[in-house]
Amino acid sequence: LRDRLATSSAAPVRIATLHPGVVATSLGKDVLPPLAAAAFAPVALVMFLTGQLITPPQGAKTSIYLASTKQVPDGMYFDKCA
């Protein structure tokens with residue numbers, strides 16, 4: 001992708017990958033069957049209480065950081081930036 005964009009774009013393009021962390025959203029509420037959702041609820045609670053499950057604003061920090069900085073080294077992987 002970087003090579004294709006380099007020939008078609010006037011501005012330099014940097015490529016990075018990210019994982020925002022395990023974010024507490026209701027994204028799967030309509031996808032999971034009720035039984036699976038009920039089984040996952042205790043796991044989600046433990047993840048939240050132990051700090052493994054983060055809020056959507058916390059999860060967005062990595063994407064916002066990468067979109068707003070020019071300091072990103074090309075080809076890097078970012079995980080849960082604060």
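Read along the sequence, the chain follows the pattern α-β-β-α-β-α-β, which amounts to three helices and four strands. The structure is a predicted model, and the confidence attached to it therefore deserves attention before any single residue is discussed.

**Confidence**

Over the chain the pLDDT averages 78, and 84% of the residues score at least 70. Confidence is highest in helix α3 (residues 56-68), where the mean is 88, and lowest in helix α1 (residues 2-8), where the mean is 73. Where pLDDT is low, the predicted coordinates should not be read in detail.

**The chain as a whole**

Of the 82 residues in the chain, 15% are buried. The accessible surface comes to about 6300 Å², and carbon and sulfur atoms account for 65% of that surface. When contacts between residues at least 6 apart in sequence are considered, 73% of them join residues that are at least 24 apart.

**Three residues**

The table sets out three residues together with their places in the chain and their relative accessible areas.

| Residue | Place | Relative accessible area |
|---|---|---|
| Leu5 | helix α1 | 28%, partly exposed |
| Leu49 | helix α2 (residues 34-49) | 64%, exposed |
| Thr69 | loop between α3 and β4 (77-79) | 17%, buried |

Leu5 lies in helix α1, the helix in which the mean confidence of the chain is lowest. Because its relative accessible area is 28%, Leu5 is classed as partly exposed. Once the neighbours within four places in sequence are set aside, Leu5 is in contact with Val13 and Ile15.

Leu49 belongs to helix α2, which spans residues 34-49, and its relative accessibility of 64% is why Leu49 counts as exposed. Together with Leu45 and Phe48, Leu49 makes a nonpolar surface patch of about 340 Å².

Thr69 sits in the loop between α3 and β4, the latter covering residues 77-79. Its relative accessible area is 17%, and since buried residues are those under 20%, Thr69 is counted as buried. The side chain of Thr69 also reaches the backbone nitrogen of Gln71, at a distance of 3.1 Å.

**Summary**

Taken together, the predicted model shows a chain of three helices and four strands, with an exposed Leu49 that takes part in a nonpolar surface patch, a buried Thr69 whose side chain reaches the backbone nitrogen of Gln71, and a partly exposed Leu5 in contact with residues including Val13.

Technical notes. Residues numbered from 1 in each chain as written. Predicted model: local features only at pLDDT ≥ 70, side-chain atom pairs only at ≥ 80, totals over all residues. Heavy atoms only, no water. Patch = residues over 30% accessible without salt bridge, like charges linked within 9 Å, V, L, I, M, F, W, Y side chains within 5 Å. Areas by Shrake-Rupley, 256 points an atom, 1.4 Å probe, with all protein chains shown as cover. Salt bridge = Lys/Arg side-chain N within 4 Å of Asp/Glu carboxyl O. Helix = DSSP H or I, 4+ residues; strand = E, 2+ residues; numbered from the N terminus. Buried < 20%, exposed > 50% of the residue type's maximum accessible area, 1.4 Å probe, protein only. pLDDT = per-residue confidence, 0-100. Polar contact = N/O pair within 3.5 Å; in protein donor to acceptor, adjacent residues only side chain to side chain. Contact = heavy atoms within 4.5 Å.
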